[in-house]
Amino acid sequence: MDYDGPAEIRWQASGSLSIVGPVQVAVTALDPGWRVRLLAPTFDEWWLLLAFDSPFRLVFPDSSSFDVGIGRPDPDGYFDAWDWSVDDQHTDPCPHCGAVARHVSVNDNGDESITVLDRCLGCTRERRQEYRWPVTSEMPGEHDS
């Protein structure tokens, strides 16, 4: 079953520290599995998705939920998500050597852009990428009739 509408994303460090934010999601059923794309409605929620490591808890309006990994945003500002319980690597591989690349720092540039530094645990190369808060004309769940 496909779903297109609001949800909530949660990141939890401990029983006393968690961060919650709204997102718009588009879930598409595939054979096998599914695909989830998220769009953060504000800069704060977008920053949350970039600044904290997966897993996140994706919670739907009917209270159903599951853990997801969140990738980097595409040029339109959408984040792809995957089922955390079935993925055995949980991170993007290094484009140079294929080893696990780990997120190490985030810098809020103060102008609705964020610089993310990823460091490969294999070859130790660093990948620095600047992401700008996206301006999109349409959010999931807001379609013309």
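Which residue in strand 2 is the bridge partner of Gln12?

1. It is Ser18 that serves as the bridge partner of Gln12 in strand 2, and since this is a predicted model, this pairing, like the other features below, should be read as part of a prediction. Strand 1, which covers residues 3–12, and strand 2, which covers residues 18–29, pair in the antiparallel sense over 10 bridges.

2. As general background for this point, the strands of a sheet pair through backbone hydrogen bonds, and the pairing may be either parallel or antiparallel. In this model, 6 strands form a closed barrel in the order 1-2-3-6-5-4, with antiparallel pairing. From one strand of this barrel to the next, the twist averages 45 degrees.

3. Turning to the chain as a whole, the protein has 1 helix and 9 strands, and these elements follow the pattern β-β-β-α-β-β-β-β-β-β when read along the sequence.

4. Helix 1, made of residues 43–51, lies across strand 1, strand 2, strand 4 (56–59), strand 5 (65–70) and strand 6 (79–83). With respect to strand 2, helix 1 runs at about 85 degrees.

5. On contacts, if one takes those in the protein chain with a separation of 6 or more, residues 24 or more positions apart account for 44% of them.

6. Finally, on burial and surface, 34% of the 145 residues of the protein chain count as buried, where buried means under 20% relative accessible area. The protein chain exposes about 8,600 Å², and carbon and sulfur atoms supply 47% of that area.

How values were computed:
Residues are numbered from 1 along each chain as its sequence is written. This is a predicted model: local features need pLDDT of at least 70, side-chain atom pairs count only at pLDDT 80 or more; totals for chains, interfaces and linings use all residues. Side-chain values use heavy atoms; hydrogens and water are left out. Two strands pair if DSSP finds at least two bridges between them. Helices (H or I, at least four residues) and strands (E, at least two) are DSSP runs, numbered from the N terminus. Axes are lines fitted to C-alpha atoms, for helices over the stretch in contact, and angles run from 0 to 180 degrees between N-to-C directions. Contact means heavy atoms within 4.5 Å. Buried means under 20% relative accessible area, exposed over 50%, partly exposed in between (1.4 Å probe, protein chains only). Accessible areas come from the Shrake-Rupley method with a 1.4 Å probe; for residues, only the protein chains shown count as cover.
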